Amino acid sequence: EVARPKNFIEQKIDSDLENNVVTTVHTRFPPEPNGFLHIGHAKSICLNFGLAKEYNGTCNLRFDDTNPLKETAEFVEAIKKDVKWLGFKWDELRHSSDYFEQLYLYAKELISSGLAYVDELTDDEIRQYRGNFTTPGKNSPYRDRSISENLNLFEKMKMGGFQEGKACLRAKIDMSSSFMVMRDPVLYRVRFIQHHQTKDKWCIYPMYDFTHCISDAIENISHSLCTLEFQDNRRIYDWILDNISIKSRPHQYEFSRLNLEYTLTSKRKLSDLVEERFVDGWDDPRMPTISGLRRRGYTPASIREFCSRIGVTKQENTIELNALEACIREDLNTNARRVMAVLDPVKVIIENFDDQPFFIDAKNHPNNDEMGTRKVQFSREIWIEREDFKVEANKKFKRLVLGKEVRLRNCFVIKANDVVYDEYGSIKEIICTYDPNTLGQDPLDGRKVKGVIHWVSSTNAISAQFRVYEKLFNHKNPAQVEDFRTELNLKSLETFNGFVENSVKENDIEERYQFERKGYFTQDNKDFSKEFLIFNQIVGLRETNK
Ligand code: ATP
Ligand code: MG
Ligand code: MG
């Protein structure tokens, strides 16, 4: 592992350990199960689980499930799968809803200390009374009820005695605070919705600010890490913990969220893409979700490497898409075996080859002999890429041209002598001859053949569909445009029907390949066909700035 400077959180942990502020490091990753995890969550996962590992501590996976309206058990399962796939193991699996009873008792403690009250203003009125950055808020007329009245009314809320929106519990703090979050934040509201964990047990649900700090304390979290937009919420985090009898005293630290060029990192917006069927589900290979990246063919190691390279700071910035792609490209350049596939095929007939097809040994990796060789069949009829042939071309075109020679990768030199057109005027066949003395060596008479093209034998190649992806959005910051739908890249998926060499047949579906000259590919993990294999392009061979 490359040594890197410690980030500000590690520095804080070091000093906390040194000063005996904490003795062990306990972190948690707290997703709300209202969607699938995305690449932004990967940053938080790598940070929280990474710190636990680095400091020999623990990290819990905690479902922050206090808003049953948008949460489902399906999302819970998908999140667990993604965290595991990324290579992390949680110490304990928890739900904020595990703590509903305790949270309720702490709420009663606040009421009993005169620090919370039941408000009967409507949501709109609460908003109006709150004021804004330039205007202080006004006290609710219900703010000064007695402790016993508040206890009774809170009990009534819990028993279903108030309709939704007719009552809520609020902290009694300061309606003129310069921090809006401190203007008597709502702690509990009434919701007659079934919860995926607690079913119909509760009709009052605690709010994020009340739940998060107490859940952290219950779990003995030492360093509670969240993104910068929660900076102000740290005030309420501290206020609640300072005013209840809980012993453990966690602290919150904020880091900047991951923003990625051309990418949405908001579950809500990603959910819109899924619901409105712009993509084929949460795991569409164009989605920045963990499951989408997995289906696309990213490795867990490449995502962890990306998170390590971007680091953890308090500066808001946007990372280039190339930074993510570079991580998988480097991984696959080293680890993916080379294979030949023709995405858009045109037939080549080698007139002077009348023998039976035979097999040639081809290296699986140009710079790593340990990866071995494979058998590639050569036959009278082969497929080459349509774009690799031209009837006429200048010297820059280093592929097959009528009347000229080119080398078939791992194989002989061939020469194009004639072209057969179909009834629509497009090329049907290219008639060639091969030089039998060029296998593994240059032509004997010393003539130079510059170009090399890939090919597959038409007698034993496998039919395959190739799905080639581009970024999902044309705009560098789709979250910033009024309607991200207007910025969808209509060419984000292009499908080709071609052939891949037979050697991929023996492999695991998860195997990743470099299709020479075409990029890195893996089989789709969801779509199968009896007639042909289906491959996703993971990433191109080189950085594109399209
Ligand atoms: P979204 O807006 O996509 O729903 P969220 O923050 O509401 O994101 P949570 O499920 O609450 O999603 O997030 C779980 C954890 O992941 C939180 O600690 C959150 O701060 C972190 N997280 C979410 N998005 C990012 C991001 N883009 N970069 C870094 N961390 C993130
Ligand atoms: Mg959240
Ligand atoms: Mg959210």
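**Entry 1. Aspartate 354**

I looked up aspartate 354 and found it in the loop between strand 14 (345-350) and strand 15 (358-363). I note at the outset that the model is predicted. Is aspartate 354 buried or exposed? I recorded it as exposed, because only 7 other C-beta atoms lie within 10 Å and a residue with 12 or fewer counts as exposed. I then checked arginine 380, which is 26 residues away from aspartate 354 in sequence. Their C-alpha atoms are 6.7 Å apart in space.

**Entry 2. Domains**

I turned to the domain assignment, which gives domain 1 (8-255), domain 2 (267-337 + 464-539) and domain 3 (344-460). Domain 2 is thus written as two stretches of the chain. I looked up the C-alpha centres of domain 1 and domain 2 and found them 34 Å apart. Between these two domains, 20 residues of domain 1 are in contact with 20 residues of domain 2.

Which elements give two or more residues to the side of domain 1 that touches domain 2? I listed helix 1 (8-18), helix 2, helix 3 (73-85) and strand 9 (251-255). Helix 2 gives the most to this side, with five residues. I also noted the composition of this side of domain 1, which is 13 nonpolar, four polar and three charged residues.

**Entry 3. Ligand 1**

I examined the surroundings of ligand 1 and found 15 residues there. The closest are Pro31, Gly40, Ser44, Arg257 and Lys267. Two elements, helix 2 (39-54) and strand 8 (223-227), give two or more residues to this shell. Helix 2 gives the most, with four residues. How do the residues of the shell divide by type? I recorded four nonpolar, six polar and five charged.

**Entry 4. Nonpolar cores**

I next looked up the largest nonpolar core, which has 89 residues. Helix 2 gives the most to this core, with eight residues. I therefore keep a general remark beside this entry: in soluble globular proteins, nonpolar side chains tend to be buried together.

Which residues have the most contacts inside the largest core? They are Ala341, Ile384, Trp455, Val456 and Val500. I followed tryptophan 455 further and, leaving out residues up to four places away in sequence, found that it touches Met340, Val342, Ile382, Trp383, Ile384, Leu408 and Arg409. Another core, of 31 residues, lies apart from the largest one and includes Phe100, Leu153, Phe154 and Ile214.

**Entry 5. Proline 478 and tyrosine 262**

I found proline 478 in the loop between strand 25 (462-469) and strand 26 (493-500). Proline 478 counts as buried because it has 23 C-beta neighbours inside 10 Å. Leaving out residues up to four places away in sequence, proline 478 touches Tyr262, Leu264, Phe473, Phe484 and Glu487. I also looked up leucine 488, which is 10 residues from proline 478 in sequence and 8.6 Å from it in space, C-alpha to C-alpha.

One of the residues that proline 478 touches, tyrosine 262, lies in the loop between strand 10 (259-260) and helix 9 (267-275). Tyrosine 262 is partly exposed, with 19 other C-beta atoms within 10 Å. Its phi is near 60 degrees, a positive value in a residue other than glycine.

**Entry 6. Asparagine 410**

I looked up a further positive phi, at asparagine 410, where the angle is about 65 degrees although the residue is not a glycine. Where is asparagine 410 placed? I located it in the loop between strand 20 (405-408) and strand 21 (413-421). Asparagine 410 is buried, because 21 other C-beta atoms lie within 10 Å and the limit for a buried residue is 20 or more.

**Entry 7. Serine 248**

I found serine 248 in the loop between helix 8 (233-242) and strand 9. With 14 C-beta neighbours inside 10 Å, serine 248 counts as partly exposed. Serine 248 touches Ala217 and Asn220, not counting residues up to four places away in sequence. I compared its position with that of glutamine 194, 54 residues away along the chain, and found the two C-alpha atoms separated by 31 Å.

**Entry 8. The UniProt record**

I consulted UniProt, where an unreviewed entry lists residues 25-333 for "domain: Glutamyl/glutaminyl-tRNA synthetase class Ib catalytic". In the model, the end C-alpha atoms of residues 25-333 lie 37 Å apart. I recorded this span as 40% helix and 14% strand.

Conventions. Residues are numbered from 1 along each chain as its sequence is written. Chains are lettered from A and ligands numbered from 1 in the order in which they are written. This is a predicted model: local features need pLDDT of at least 70, side-chain atom pairs count only at pLDDT 80 or more; totals for chains, interfaces and linings use all residues. A residue is near a molecule or strand if its C-beta atom, placed from the backbone, lies within 6 Å of it. Ala, Val, Leu, Ile, Met, Phe, Trp, Tyr, Cys and Pro count as nonpolar, Asp, Glu, Lys and Arg as charged, and the others, Gly among them, as polar. Domain bounds come from an automatic or database domain assignment. Two residues are in contact if their C-beta atoms, placed from the backbone, lie within 7 Å. A nonpolar core is a set of buried Ala, Val, Leu, Ile, Met, Phe, Trp, Tyr and Cys residues joined through C-beta atoms within 7 Å. UniProt positions are given in the numbering used here, feature names are shortened, and annotations may be inferred rather than shown by experiment.
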